[in-house]
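Visitor: I'm new here, and I'd like to understand the reasons behind the labels. Could you show me around?

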Amino acid sequence: MSENLYALFASRFPADRSEPCFVPPEGPAISYGELEAGTGRIAALLRAKGVKPGDRIAVQAPKSPQMVMLYLATLQVGAAFLPLNTAYTAAEIEYFLNDAEPVLFVRDAAEIADEAQALESLAEITPRAASDLAAILYTSGTTGRSKGAMLSHGNLAANALALHEAWGFTHEDVLLHALPIFHVHGLFVALHCSLLSGGPMLWLDKFDEAKVIAALPRATVMMGVPTFYVRLLADPAFTREAAGGMRLFISGSAPLLESTFAEFEARTGQRILERYGMSEAAIITTNPLHGARVPGSVGFPLPGVSLRVGGGAEVGVLEIKGPSVFSGYWRMPEKTAEEFTADGYFITGDVGRVDADGRVWISGRAKDLIISGGFNVYPKEVELILDELAGVVESAVIGAPHPDFGEAVVAIVVGRSDEASIISGARERLAAFKAPKKVVFVTELPRNTMGKVQKNRLRETYAGLFAPVPS
Ligand code: AMP
């Protein structure tokens with residue numbers, strides 16, 4: 001039997017194809033019938049252009065329903081989809097194109113849809129095995145070369161089905177989709193849940209709090225990065241009534257601050273469901289739909305996922321195995337071999353622990369670990385303490401080169417306070433080697449589009465804080 005992911009979606013489209021799939025804030029909706037026909041026409045065009053199974057199709061284009069059609073058409077003809085962040089520069093794009101050697105690079109999905117307009121819609125879905133390549137996602141690559149995570153039809157289908165079940169999606173759900181679709185979160189997690197239910201998506205080109213608030217009364221589920229929730233809370237129009245019809249708010253891609261969770265609950269009466277995932281495996285753990293959602297924890301491994309702490313320590317690098325875990329990095333067999341254990345677990349690079357109930361807690365990336373005077377300092381532990389101090393809105397803790405300690409702990413803080421009270425507040429609660437040696441105040445932390453604090457940028461900016469940077 002064919003394991004083509006598109007065949008799975010098509011089998012779940014509503015029997016009445018006139019039902020809406022994409023519902024934009026203005027203008028007409030696009031039905032499932034139109035999605036299917038548009039996908040079929042683009043698939044025919046790809047065929048006509050000579051695209052063969054296994055070929056790569058790279059896309060750096062604005063978010064649009066046509067881009068989704070191009071994605072599905074790529075699956076339909078058995079090729080692999082390679083979405084690229086719209087923020088990438090020409091030099092970065094050149095690297096990806098040289099590395100992945102796509103047969104096609106699309107900058108404008110609407111143009112492709114127009115070009116396909118005159119063609120007959122292709123009905124055939126190219127048979128694929130579960131292990132065949134469906135997509136390549138380049139990791140953000142904050143250190144070294146960006147790596148292309150190879151995800152198969154089977155990886156994506158397994159994760160989509162598990163999430164659909166875990167989050168209780170039904171045909172009655174209306175998903176508010178405001179995420180970018182060049183990343184695992186918007187392209188796979190959000191889109192796939194909706195396609196499997198055959199329900200509509202309120203389709204926003206990008207996150208805009210006013211548009212989100214206006215759309216909420218018609219939605220039932222929203223997926224977002226933590227920044228979305230912070231921005232909603234900053235808007236007085238985001239009220240308990242505005243969120244009243246929603247059954248589920250989901251957060252991921254970056255840690256959700258406990259203060260955001262608490263403020264959100266106080267404002268709306270709803271507890272945000274936090275989950276954890278990555279390009280290499282889609283979603284790995286989630287808080288429960290029914291049962292306690294614990295702030296600060298990313299919940300339990302999804303069914304079928306085996307998760308352990310490497311090295312047998314209580315806190316350490318998380319290792320995972322399961323049906324959604326990728327098979328390796330594109331054309332990097334050595335790198336792939338380094339990041340899997342001998343017994344087949346993927347070494348995530350995220351540091352964390354599993355508590356007695358089986359809940360997973362993430363304390364940061366292994367590469368963010370600070371070694372100060374020979375002692376390990378986990379930034380998250382320090383950030384949690386700092387965030388509790390009076391006047392601190394949020395913080396990011398990094399290591400900066402130091403002549404005595406090797407690295408010294410530096411706190412970058414958003415809020416109204418002063419260095420002395422922050423250092424003394426930290427010292428009351430933490431071993432001296434974990435307390436910041438210096439505090440820098442900023443108006444906001446640098447974040448990428450997925451809401452992740454860019455610690456590499458902070459490390460660069462503050463590299464010369466204690467010692468001159470060698471030239
Ligand atoms: P990406 O491959 O761009 O999706 O980034 C994956 C990384 O984001 C993971 O390895 C984690 O470091 C981080 N991440 C994702 N979700 C969470 C979460 N809920 N809490 C903490 N970190 C997260």
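Guide: Gladly, and please keep in mind that this is a predicted model. The ligand is surrounded by 15 residues, and Glu-274, Arg-275, Ser-279, Asp-350 and Arg-365 are the closest.

Visitor: What makes the pair between Asp-350 and the ligand a polar contact?

Guide: An N or O atom in the Asp-350 side chain lies 2.6 Å from an oxygen atom of the ligand. The cut-off for N or O atoms is 3.5 Å, so this pair counts as a polar contact. In the Glu-274 side chain, an N or O atom is 2.9 Å from a ligand nitrogen atom, and for Ser-253 a backbone N or O atom is 3.2 Å from a nitrogen atom of the ligand. Both pairs are within 3.5 Å, so they count too. Of the 500 Å² of accessible area that the ligand has on its own, the protein covers 90%.

Visitor: Which strand gives the largest share of the shell around the ligand?

Guide: That is strand β12 (residues 273–278), with five residues. The whole shell divides into six nonpolar, four polar and five charged residues.

Visitor: How do you know that the second largest pocket lies between domain 1 and domain 2?

Guide: Domain 1 (5–360) and domain 2 (369–461) both contribute residues to the lining, so the pocket lies between them. The lining has 21 residues, and those nearest the pocket's centre are Pro-180, Lys-206, Phe-207, Phe-228 and Thr-449. Helix α9 (residues 226–233) gives the most to this lining, three residues. The volume of this second largest pocket is about 380 Å³.

Terms used:
Residues numbered from 1 in each chain as written. Predicted model: local features only at pLDDT ≥ 70, side-chain atom pairs only at ≥ 80, totals over all residues. Heavy atoms only, no water. Near = heavy atom within 4 Å. Polar contact = N/O pair within 3.5 Å; in protein donor to acceptor, adjacent residues only side chain to side chain. Areas by Shrake-Rupley, 256 points an atom, 1.4 Å probe, with all protein chains shown as cover. Helix = DSSP H or I, 4+ residues; strand = E, 2+ residues; numbered from the N terminus. Nonpolar A, V, L, I, M, F, W, Y, C, P; charged D, E, K, R; others polar. 1 Å grid on protein atoms, 1.4 Å probe; cavity = no way out; pocket = protein on both sides within 12 Å on 5 of 7 lines; lining within 4 Å. Points joined across faces, edges and corners; volume = space filled by probe spheres on them. Domains from an automatic or database assignment.
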